[in-house]
Amino acid sequence: MHIVVTSHGTFCTGALSVYEMVAGKPDGITAVSLAFDDTGQFAPWLRDVVESHLKEGVLILCDIIGGTPYNESFRLALEHPGRVEVLANMNLPMLIETGMLRAQAGSLDELYRIAVNAGVESIKAASQEGAPQGDETEDEDMF
């Protein structure tokens, strides 16, 4: 299965850069960004990337629901049911976990569920999580 990360501006390419820092070279993941000055290139570029991976199945992770990257992705999902799945409101843990488990997923539907779980489970309130773990210094020592 192939993962396409798409967004307004450079969010998706930045996310892919972070993925590489954390998990290594992103195999099977492509970023497709909508430029501020786009004059119609985005939709055909997204279509080309998605349709070149239809046989293996494509999971598209988008920045926000209702924007052009999501709308064009959803259009492709409607045209290719069962071969293209779309998720909006992507976050970094979602991308990293999904990318790392991509080869182990048995189906596109399973990869989709991995992405949803990773995205939801990664949202944490700092006030409820407590202090960072590791080699932190106590506040008294800092002043």
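**Figure 1. The whole chain has 7 helices and 4 strands.** This is a predicted model, and a walk from the N terminus takes you through its elements in the order β-α-β-α-β-α-β-α-α-α-α. Lay the C-alpha trace along its principal axes and you get a span of about 60 × 40 × 25 Å. Of the 143 residues in the chain, 41% are buried. About 8,500 Å² is exposed, with carbon and sulfur atoms supplying 54% of that area. If you like contact maps, take the contacts with a separation of 6 or more: 74% of them are between residues 24 or more positions apart. The search for salt bridges, run over the whole structure, turns up 5, and some of these get their own views below.

**Figure 2. Arg-47, Glu-51 and Glu-79 are joined into one network by salt bridges that share partners.** Start with Arg-47 and Glu-51, whose salt bridge has its closest N and O atoms 2.9 Å apart. Both residues sit in helix 2 (residues 42–51), and because they are 4 residues apart there, about one helical turn separates them. Now swing over to Glu-79, which also forms a salt bridge with Arg-47, this time with 2.7 Å between the closest N and O atoms. That second pair links distant parts of the chain, since Arg-47 belongs to helix 2 while Glu-79 belongs to helix 3 (residues 68–79), 32 residues apart. How exposed are the members of the network? Arg-47 is partly exposed, at a relative accessible area of 25%. Glu-51 is partly exposed as well, at 35%, and so is Glu-79, at 39%.

**Figure 3. Leu-76 is a buried residue of helix 3.** Its relative accessibility is 2%, and the cut-off for buried is under 20%, so Leu-76 goes in that class. What does Leu-76 touch, once residues up to four places away in sequence are left out? The list is Leu-46, Arg-47, Val-50, Glu-51 and Val-84. Two of those names, Arg-47 and Glu-51, should ring a bell from the salt-bridge network in the previous figure. For a distance to check on screen, try Leu-76 to Val-50: their C-alpha atoms are separated by 8.0 Å, with the two positions 26 residues apart along the chain.

**Figure 4. Asp-27 and Arg-102 meet through their side chains in a salt bridge.** The N to O distance is 3.3 Å. Asp-27 comes from the loop between helix 1 (11–23) and strand 2 (29–34), and Arg-102 from the loop between helix 4 and helix 5, so the salt bridge ties together parts 75 residues apart in sequence. Are the two partners buried or exposed? They split: Asp-27 counts as exposed at 57% relative accessibility, whereas Arg-102 is buried, with a relative accessible area of 13%.

**Figure 5. Helix 4 passes helix 5 in a right-handed crossing.** The axes of helix 4 (residues 92–101) and helix 5 (residues 108–121) come within 8 Å, and they cross at roughly 145°. Which residues meet here? From helix 4 come Pro-93, Met-94, Glu-97, Thr-98 and Leu-101, and from helix 5 come Leu-111, Ile-114, Ala-115, Ala-118 and Gly-119. Sorted by class, this helix 4 to helix 5 contact has 7 nonpolar, 2 polar and 1 charged residues.

**Figure 6. Gln-104 is found in the loop between helix 4 and helix 5.** Gln-104 counts as exposed, with a relative accessibility of 61%. A second marker in this view is Ser-52, which lies 52 residues from Gln-104 in sequence. Run a C-alpha to C-alpha distance between Gln-104 and Ser-52 and you get 21 Å.

**Figure 7. Asn-89 has a positive phi, a value near 65°, and is not a glycine.** Where does Asn-89 lie? Look in the loop between strand 4 (84–87) and helix 4. Asn-89 is partly exposed there, with a relative accessible area of 47%.

Definitions and conventions. Residues are numbered from 1 along each chain as its sequence is written. This is a predicted model: local features need pLDDT of at least 70, side-chain atom pairs count only at pLDDT 80 or more; totals for chains, interfaces and linings use all residues. Side-chain values use heavy atoms; hydrogens and water are left out. Axes are lines fitted to C-alpha atoms, for helices over the stretch in contact, and angles run from 0 to 180 degrees between N-to-C directions. Helices (H or I, at least four residues) and strands (E, at least two) are DSSP runs, numbered from the N terminus. A crossing is left-handed if the near helix is turned anticlockwise from the far one by less than a right angle, and right-handed if clockwise. Contact means heavy atoms within 4.5 Å. Ala, Val, Leu, Ile, Met, Phe, Trp, Tyr, Cys and Pro count as nonpolar, Asp, Glu, Lys and Arg as charged, and the others, Gly among them, as polar. Buried means under 20% relative accessible area, exposed over 50%, partly exposed in between (1.4 Å probe, protein chains only). Accessible areas come from the Shrake-Rupley method with a 1.4 Å probe; for residues, only the protein chains shown count as cover. A salt bridge is a side-chain nitrogen of Lys or Arg within 4 Å of a carboxyl oxygen of Asp or Glu.
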